[in-house]
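Student: I should like a close look at a single part of this chain, followed by an account of how that part fits into the rest. Please take me through it in one connected answer.

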Amino acid sequence: MAVELNALRQGIDAVDKQILKLLAERLALVEKVGEVKSEHGLPIYVPEREAAMLASRRAEAEALGVPPQLIEDILRRTMRESYLSEKDSGFKCLNPDLRNIVVIGGKGKLGQLFCRMFKLSGYHVDILERDDWENSGHLLRTAGMVVVTVPIDLTESIIRRLNHLPKDCILCDLTSIKAVPMRAMLEVHSGPVVGFHPMFGPDTSSFAKQVILCSHGRDMHQYQWLLDQFSIWGVTLCDVDYDSHDDAMTLIQALRHFTSFTYGLHLSKENPNLDQLVELSSPIYRLELAMVGRLFAQNPNLYGDIILSSPKNVTMIRRFYECFGEALEILESGDKVEFVKSFESVRDWFGDYSEQFLRESQLLLKQANDAIQRK
């Protein structure tokens, strides 16, 4: 049996080596694709091309008796690497006549990320920090675009100091709240104004498939090139007015971060054996635990600023607290009928999204399970 297994394993190793060579060949082709895209200003991510290619490969896999999901998993992981390779080719500069871009807070993690992307696109970027403010006059007077990316609690005060920008200078921010900075920018600057909220962290290696929320302020025609530049980077832009944005972020960010914070706080007070919790958890519980633990690996000031950025957030969290109490009353009464009734009511509210989220989560759980390394 050992001899037979050894021969089969050698065959598998030989096939794996062929796969490696093919992957290297594919990445080399992708690098050339990136050069062509960079030269002609084509987007790094083309959803139609990706969807058509995946559909074709799935059909071909099925014809060969290979599980379609297997080839899709392999190709999606390969494409993620491909987007990184294409990014290294740089991007076409859509506004080569633009004067210098000044990034206020450019030494922060998010600021560094956008500075790098602008530089990869051929723009001249200057960084302005708090200690450099006394030398800011010349940079701001000649700026073609000013990007504000500072902590939330400093954003409005920094914007209020930008009241002598050139009329044609684009003023924008990268803040996770929008109403306050947008109103401030529109008040202090009479030229083009736009607000952005990147829905990703500074550890993002590629902008392909990432979402940036966009709140339009004034003179969109003067910053349309910037929106197109983002698209070339692979970004999906989602337009939202700034008041609606902040209402949505109360649920998407503030409430979720607060519940993760509270769960982590409760765990720390209960003080269970964390190694045992991890060992005993199925992939879904491990993933939930990882999402909570992930929060505490990051900057507490950032999450404190997000949660405390608006009285609306506290009001929403208070309503969640009351809802939690109502749910607890159902459990304490032992009323399973009422529990099922509430459960079905929520399921009806989710509608078709319930099944969609079930399918999406199943894929995530498979990936999470694959990544587990048992001792």
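Tutor: In this predicted model, Val146 stands opposite Leu171, a residue of strand β4. That pairing belongs to the contact between β4 and strand β3, which covers residues 145-148; four bridges join the two strands, and they run parallel. To pass from β3 to β4, the chain goes through helix α6, residues 152-160, and the resulting β-α-β crossover is right-handed.

Strand β4 itself spans residues 170-173, and both of its faces are covered. Ile170 and Cys172 lie on one side, Leu171 and Asp173 on the other, and all four of these residues are buried. The residue opposite Val146, Leu171, is thus placed on the face that it shares with Asp173.

Strand β4 also pairs with strand β5, residues 193-198, again in the parallel sense, here over three bridges. In this pairing Cys172 stands opposite Val194 of β5. The connection from β4 to β5 is made by helix α7, residues 179-188, and the three elements form a right-handed β-α-β unit. Strand β4 therefore takes part in two parallel pairings, because DSSP finds at least two bridges with each partner, the cut-off for pairing.

The loop that leads from β4 to α7 contains Thr175. Is this loop residue buried or exposed? Thr175 has a relative accessible area of 3%, so it counts as buried, the limit being under 20%. Its contacts, leaving aside neighbours within four places in sequence, are with Val148, Ile152, Thr155, Pro181, Phe196 and His197. These partners can be placed on the elements already described. Val148 falls within the residue range of β3, while Ile152 and Thr155 fall within that of α6. Pro181 belongs to the range of α7, and Phe196 and His197 to that of β5. Thr175 is accordingly in contact with residues from both strands that pair with β4 and from both crossover helices.

From β5 the account can be carried further along the chain. Lys209 lies in the loop between β5 and β6 (211-218), and Glu50 lies in helix α2, residues 47-63. The two residues form a salt bridge in which the closest N and O atoms are 2.8 Å apart. Because of these positions, the pair ties together parts that are 159 residues apart in sequence. The partners differ in their exposure: Lys209, at 37% relative accessibility, is partly exposed, whereas Glu50, at 6%, is buried.

Helix α2 also carries Arg58, and helix α3 (residues 68-87) carries Glu72, 14 residues away in sequence. Arg58 and Glu72 form a salt bridge, with 2.6 Å between the closest N and O atoms. Arg58 is partly exposed, with a relative accessible area of 29%, and Glu72 counts as buried at 13% relative accessibility. Glu72 has a further partner in Arg76, and the closest N and O atoms of that salt bridge are 2.9 Å apart. Glu72 and Arg76 both lie in α3, four residues apart, or about one turn of the helix. Arg76 is partly exposed, its relative accessible area being 36%. Through salt bridges that share partners, Glu50, Arg58, Glu72, Arg76 and Lys209 are joined into one network. The structure as a whole holds 13 salt bridges.

Elsewhere, the surface bears a nonpolar patch of about 680 Å², made by Phe320, Phe324, Leu328, Leu331, Phe339, Val340 and Phe343. Helices α13 (311-333) and α14 (336-350) each supply at least two of the patch residues. The most is given by α13, with four residues, while Phe343 has its place in α14.

These parts can finally be set against the whole chain. The chain contains 15 helices and seven strands, and its C-alpha atoms fill a box of roughly 80 × 65 × 35 Å, taken along the principal axes. Of its 375 residues, 35% are buried. Among contacts between residues at least 6 apart in sequence, 69% join residues at least 24 apart. The chain exposes about 23,300 Å², of which carbon and sulfur atoms supply 57%.

Technical notes: Residues are numbered from 1 along each chain as its sequence is written. This is a predicted model: local features need pLDDT of at least 70, side-chain atom pairs count only at pLDDT 80 or more; totals for chains, interfaces and linings use all residues. Side-chain values use heavy atoms; hydrogens and water are left out. Patches are made of residues with over 30% relative accessible area and no salt bridge: like charges are joined within 9 Å, nonpolar side chains (Val, Leu, Ile, Met, Phe, Trp, Tyr) within 5 Å. Accessible areas come from the Shrake-Rupley method with a 1.4 Å probe; for residues, only the protein chains shown count as cover. A salt bridge is a side-chain nitrogen of Lys or Arg within 4 Å of a carboxyl oxygen of Asp or Glu. Buried means under 20% relative accessible area, exposed over 50%, partly exposed in between (1.4 Å probe, protein chains only). A crossover is right-handed if, with the strands pointing away from the viewer, the path from the first strand over the helix to the second runs clockwise. Contact means heavy atoms within 4.5 Å.
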